[in-house]
Amino acid sequence: MAISYDLYRVFYAVAQSGSFTHGAQALHSNQPNVTRAIQSLEQELGCQLFRRSNRGVHLTPEGERLFHHVQAAQAHLEAGERELLSGRMLQHGMITLGTTETALHTFLLPVLRRFHQAYPGVRLRITNHPTPKALEALREGAVELAVVSSPEHLGMLHAQTLVSFSDMVLAGQSFAALSRRPLTLAELVQQPLVCLGQGTQAYDLYQSFFAARGLLYAPDIQVATTGQILPLVQNGLGLGFVPERLGRQALEGSDLVAIRLTEPLPQRTASLVTDPAVPLGHAAKMLYDMLLAAAQGGKQP
């Protein structure tokens, strides 16, 4: 079935605006032309895409499913336009990047600093998501690259490990006595814990890690991002699991203490994930190469 892209362009404009009139204005056209285009598309597809009401138009379930795909296609087209318009000297352009806060602090930030110094004209649009949400954004074409923690359920996506790391346990002064000797894991889970919550890769990893040792992992405080852990720990609300690189920085010049353990916590990874079915723009490819070069250099940047 060969349906004109113009029909999908009209469908996208109407779906976004929720109105045939506003869709026509966005397309610099008129309402009768837009109405005819939607009717033609509905006839070609054999289903109704919109429901009309006094308040405008709303997508039907079939229209919702179609919009999901058209939106992703539109994002790819706009990315292609940005690449061609920006030129190949990276004097302009934009990169869309999805990342977890853990990956940002563990590996990504120094590379972004070097990239920005080399290509100051390239704008970066960075979204902060848990790993599953960042991968979903990549599949939908909302971002070009994802740098995430310990990705799973990749499907057709491709992941390359950038760095492996472990968490360390930090506590405030009210728990300082616990730092005098290494704690067993059984002793650790008896303390109030501040950790990333359900829906994150870290939570699933630790739940499996402690369950394999016959221990219940039930953090007293669950947070959405790594950046929320340190303020809670500093205010004496519990012991926090923090990536070692970030934890060592937090210990400098603070009254936090490191809690030693008799058994190391499991290793995690920061990985670069791409969609092989979608070619990277020139700017994104340059950042991709810089990330891999930093990883293959055998050091954290």
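**Exercise 1.** List the contacts of leucine 162, leaving aside its neighbours within four places in sequence, and place this residue in the largest nonpolar core.

Solution. The model is predicted: local features need pLDDT of at least 70, side-chain atom pairs count only at pLDDT 80 or more, and totals for chains, interfaces and linings use all residues. Residues are numbered from 1 along each chain as its sequence is written, and side-chain values use heavy atoms, with hydrogens and water left out.

Step 1. With contact taken as heavy atoms within 4.5 Å, leucine 162 meets Phe107, Val147, Ala270, Ser271, Leu272, Leu291, Leu292 and Ala295.

Step 2. A nonpolar core is a set of buried Ala, Val, Leu, Ile, Met, Phe, Trp, Tyr and Cys residues joined through side-chain atoms within 4.5 Å. Buried means under 20% relative accessible area, exposed over 50%, and partly exposed in between (1.4 Å probe, protein chains only). The largest core has 26 residues, and Leu162 is among those touching the most other members, along with Phe107, Val147, Leu272, Leu287 and Leu291.

Step 3. Elements supplying at least two residues each include strand 6 (158–171), strand 11 (267–274) and helix 11 (282–296); helices (H or I, at least four residues) and strands (E, at least two) are DSSP runs, numbered from the N terminus. Helix 11 gives the largest share, 8 residues.

Step 4. A separate core of 22 residues includes Val14, Leu49, Val57 and Val70.

**Exercise 2.** Decide whether glutamate 42 and proline 264 are buried or exposed.

Solution. Step 1. Glutamate 42 sits in helix 3 (residues 31–45). Its relative accessible area is 14%, so glutamate 42 is buried. Beyond four places in sequence, glutamate 42 touches Cys47, Gln48, Leu49, Phe50 and Arg52.

Step 2. Proline 264 belongs to the loop between strand 10 (257–259) and strand 11. Proline 264 counts as exposed because its relative accessibility is 65%. From proline 264 to threonine 184 the C-alpha distance is 9.9 Å, with their positions 80 residues apart in sequence.

**Exercise 3.** Find which residues of helix 10 (residues 244–251) are buried, and what covers them.

Solution. Step 1. Leu246, Gly247 and Ala250 are buried. They lie on the same side of helix 10, because they cover an arc of only 100° around the axis; the arc is that of the directions from the helix axis to the C-beta atoms.

Step 2. The cover includes helix 5, strand 6, helix 9 (229–234) and strand 9 (239–243).

Step 3. After helix 10 comes glycine 253, with a positive phi near 70°.
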